[in-house]
Amino acid sequence: MSRNILFLSKTINSNVRRLCTTPTPVQKAEKLVLIDVNDKTGYGTLSMNRLPVNSLNVELFNALSDAYDEMEKNKSRGVILTSTSPKIFSAGLDINDLYSGDSKSWSELWDASQEAFLKIYDASFPSAAAINGHAIGGGCFFSMICDYRAMVKGYQIGLNEIQVGIALPKVLVMIMGKLLPRRHAEISLTQGTLYSPEQASKINLVDDVVVDKAEAIIKCEAFLNKFRKIPMDAVNTTKRTIRREEIDYIRNNKQKDIDDFVKAVESVEAQNTIKMYYQALKNKK
Ligand SMILES: CCCC/C=C/CC(=O)SCCNC(=O)CCNC(=O)[C@H](O)C(C)(C)COP(=O)(O)OP(=O)(O)OC[C@H]1O[C@@H](n2cnc3c(N)ncnc32)[C@H](O)[C@@H]1OP(=O)(O)O
C-alpha cells in the first residue's frame with residue numbers, strides 16, 4: 001500500500017473509530033431538505049436528508065436553495081440548519097461526482113453550490129447550524145457560512161479538501177481566513193485538518209460544544225432569540241457590510257470561479273488523489 005493510500009485509509013479509519021453506533025434510519029423517497037417551521041418562534045428548521053451521509057450534489061444544493069427561497073418568502077425570523085442523520089451533518093461534496101464526473105457536471109455542481117452559498121450567506125434572516133455529526137469538507141463550509149455553530153461532541157469538523165487533492169476554492173479560503181485566527185486558518189487549509197468540537201471551539205470554528213442534538217437546537221434558538229429585539233434592517237445592512245467581499249466575489253466572478261473549480265478537480269494530480277480517496281472509502285469496511 002502506498003504512503004498516500006495508507007494515509008488516506010488511516011484518516012478515514014480514524015474517522016470511523018470516532019463514530020457512535022446508532023444505525024442509519026431506512027431511507028424512504030423523501031425530500032432532500034425537510035422544513036419544519038415553529039409557529040411560536042417563526043424559526044424554520046431545515047434538515048438535510050440525503051442519507052446516509054448528506055453528500056452534497058446538485059440536487060441537495062438546489063434543495064437547500066429552494067428551502068431558503070421558501071424561508072425568504074415566508075419572512076422567516078431565522079433558520080436552524082441541521083441533518084436527519086443521527087451522526088453526520090454532511091460528509092461534503094459527493095465523492096462519486098468528483099470521481100466519475102466531467103467538466104460539464106463539475107461546472108453544474110459548482111454553479112449549484114454558489115447559488116446555495118449566496119442564499120445562506122446573504123439571507124435576510126440569521127442561520128444557526130446545529131451540527132449533529134461529522135461536518136467534513138463542504139459540510140464544514142456550509143456550517144461556516146451560518147451565523148452561529150453548535151456542535152455535538154464526538155464527531156469531526158474541518159475543510160479537508162487538500163487531502164482529497166482539491167486546491168481550496170477561493171471563497172473557502174476567504175471565509176476560513178476571516179473566521180479563524182490567521183495561523184490556524186493557514187494550517188487548517190494547507191493540511192486539511194479535521195478537529196474535534198473541543199479543538200474547533202478553541203479556534204472559533206464552532207461557537208459551542210454540546211452533548212446532543214437537542215442541546216444544539218436549544219443553543220441555536222438562544223442565538224436566534226438575540227435578534228428578536230434588534231431591527232432586522234439594521235442587522236442585515238451591517239451583516240452585508242461585513243460579508244460584502246465574499247458575496248461580491250461570487251456575484252462578480254461567477255464563471256471564473258466555476259472554471260477555477262473545474263480546473264482544480266480535473267487536474268491529473270487531483271484525479272489521482274480523488275481516485276485513491278474514493279477507493280479507500282469504498283474498501284474501508
Ligand atoms: C461547497 C463547497 C465545497 C468545497 C469543496 C469540497 C470538497 C469536499 O467536500 S470533498 C469531500 C470531503 N469529505 C470527506 O472526505 C468525507 C469522507 N467520508 C468519511 O470520512 C466517512 O464516510 C464519514 C466519517 C463521513 C462517515 O463514516 P461512516 O463510517 O458513518 O460511513 P461510511 O461507511 O464511511 O459511509 C457510508 C456511505 O457513504 C459513502 N460516503 C461517505 N462520504 C461520502 C462522500 N463525501 N461522498 C459520497 N459518498 C460518501 C461511503 O462511501 C459509504 O458508501 P457505501 O455504503 O456505498 O460504501
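**A tour of selected salt bridges**

Select Arg50 and Asp94, whose side chains meet in a salt bridge with an N to O distance of 2.9 Å. The model is predicted. This pair connects distant parts of the chain, 44 residues apart: Arg50 lies in the loop between β2 (43-48) and α2 (58-73), and Asp94 in the loop between β4 (88-90) and α3 (95-100). Colouring by accessibility sets the partners apart: Arg50 is partly exposed at 22% relative accessible area, whereas Asp94 is buried at 5%.

Next, select Asp122 and Arg240, where a second salt bridge spans 2.7 Å from N to O. Asp122 sits in the loop between α4 (103-121) and β5 (127-131), while Arg240 belongs to helix α11 (residues 232-252); the pair links distant parts of the chain, 118 residues apart. Asp122 counts as buried because its relative accessibility, 15%, is under 20%. Arg240 is partly exposed, at 29%.

Remain on helix α11 and select Glu246 together with Lys178 of helix α7 (residues 170-179), a pair that links distant parts of the chain, 68 residues apart. The closest N and O atoms of this salt bridge are 2.6 Å apart. Which partner is buried, with 0% relative accessibility? Glu246 is the buried one, whereas Lys178 is partly exposed, with a relative accessible area of 46%.

Finally, select Asp111, Glu115 and Lys254, which are joined into one network by salt bridges that share partners. To continue beyond these stops, note that the structure holds 15 salt bridges.

Notes. Residues are numbered from 1 along each chain as its sequence is written. This is a predicted model: local features need pLDDT of at least 70, side-chain atom pairs count only at pLDDT 80 or more; totals for chains, interfaces and linings use all residues. Side-chain values use heavy atoms; hydrogens and water are left out. A salt bridge is a side-chain nitrogen of Lys or Arg within 4 Å of a carboxyl oxygen of Asp or Glu. Helices (H or I, at least four residues) and strands (E, at least two) are DSSP runs, numbered from the N terminus. Buried means under 20% relative accessible area, exposed over 50%, partly exposed in between (1.4 Å probe, protein chains only).
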